[in-house]
Amino acid sequence: MSSYNAPFEIHVHGQVLLRADVSFDQLQEALKPLWKYAGARSLADGAASAYEEEPGIKYDAQEHLLQMCWTVRGDEDFRQSLDEMCMSLNELAEQGAAIEVTFYDTDFDEDEDEQGAESRDDFVMLFVGPTPAAIMQVQRDLLVQDVVNMMERHFDGAELGGVVAEIDKLFSQRFDALVNSLEIGKPPRGPGGPGGGHGGGGGRRPRHLH
């Protein structure tokens, strides 16, 4: 499939702190689903984004930090590459991290929006980490941030301690259930699990600005 005819521009955005003993070769292998999908023969060859103004895939060896702001043209089958990448990054991550993936419908005309037509845009939040607990910690922090930001329009931040405590209780229950299940090595099924999930609509998401 020619990249010029691809139905989506897919933007991958996030940063992952890696263990200090991770080598470049290990990282290159973990990210192989991405650069191979882009038609590259190595990470160095495939690290550049489809857009020159985006940093692409960067690895700071001194800080042990993987940074991704990378766009590739593709189709729905890219989701499989994302799943494979996340499984590999779990093995290399020092702590939990979130990765945002946005699918932009290349065939959608902005003028169609005014006529009530809907784009096929989609947004996926993925989570990686060395343990289920590390992944859940990132999920919890993001949820607390979202809920507090929304509720601070109506309440003072100091009044929201009870809300945060209830969120913590929910995640504690989920973690206890995970530990007690036979699925301890696997993320829970469904959109709320550590393996990732789909975000709601509300119009087209703006591209990251740099």
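Strand 1, which covers residues 8-17, pairs with strand 4 in the antiparallel sense, and seven bridges join the two. Within this pairing in the predicted model, H11 has T102 of strand 4 as its bridge partner. Strand 4 also pairs with strand 5 (residues 122-128), again in the antiparallel sense and over seven bridges, and here I99 stands opposite L126 of strand 5. Strand 4 thus has pairings with strand 1 and with strand 5. As for burial, seven of the nine residues of strand 4, which spans residues 97-105, are buried, so the strand is largely enclosed by the rest of the structure.

These strands belong to a protein chain that holds seven helices and six strands. Read from the N terminus, the elements of the protein chain follow the order β-α-α-α-β-β-α-β-α-β-α-α-β. Of the 210 residues in the protein chain, 38% are buried, and the accessible surface of the protein chain amounts to about 12,400 Å², with 49% of that area belonging to carbon and sulfur atoms. When contacts between residues at least 6 apart in sequence are considered, 70% of them join residues that are at least 24 apart.

Helix 4, made up of residues 78-92, offers a way into the contacts between side chains and backbone, for it contains N90. A polar atom of the N90 side chain lies 3.0 Å from the backbone nitrogen of G129. Leaving aside residues up to four places away in sequence, N90 touches F127, V128, G129, P130 and I135, and two of the residues named there, F127 and V128, fall within the range of strand 5, residues 122-128.

The aromatic residues give another view of how the chain is arranged. A pair of aromatic rings is described by the distance between the centres and the angle between the planes. Across the whole structure, a search finds three aromatic pairs. One of them is formed by Y37 and F78, whose rings are edge-to-face, with 4.9 Å from centre to centre and 70° between the planes. This pair links distant parts of the chain, since Y37 is in helix 2 (residues 32-37) and F78 is in helix 4, with their positions 41 residues apart in the sense that they are 41 residues apart. The partners are not alike in exposure: Y37 is partly exposed, with a relative accessible area of 22%, whereas F78 counts as buried because its relative accessibility is 0%. F78 also pairs with W70, and because the centres of these rings are 6.5 Å apart while the planes meet at 35°, the pair is tilted. W70 itself is buried, its relative accessible area being 1%. Through such ring pairs, Y37, W70 and F78 are linked into a cluster.

Rings and charged side chains also come together in this model. The charged end of R79 sits over the ring of F103, at 4.3 Å from the centre of that ring. F103 falls within residues 97-105 and so within strand 4. In a second case, the charged end of R120 sits over the ring of F8, 5.0 Å from its centre, and F8 lies at the start of the residue range 8-17 that defines strand 1.

Terms used
Residues are numbered from 1 along each chain as its sequence is written. This is a predicted model: local features need pLDDT of at least 70, side-chain atom pairs count only at pLDDT 80 or more; totals for chains, interfaces and linings use all residues. Side-chain values use heavy atoms; hydrogens and water are left out. Buried means under 20% relative accessible area, exposed over 50%, partly exposed in between (1.4 Å probe, protein chains only). Helices (H or I, at least four residues) and strands (E, at least two) are DSSP runs, numbered from the N terminus. Two strands pair if DSSP finds at least two bridges between them. Contact means heavy atoms within 4.5 Å. Accessible areas come from the Shrake-Rupley method with a 1.4 Å probe; for residues, only the protein chains shown count as cover. A polar contact is a pair of N or O atoms within 3.5 Å; within protein, one must be able to donate a hydrogen and the other to accept it, and residues adjacent in sequence count only if both atoms are side-chain atoms. Rings of Phe, Tyr and Trp (its six-membered ring) pair if their centres lie within 6.5 Å; planes under 30 degrees apart count as stacked, over 60 as edge-to-face and the rest as tilted. A charge sits over a ring if NZ of Lys or CZ of Arg is within 6 Å of the ring centre and within 35 degrees of the ring normal.
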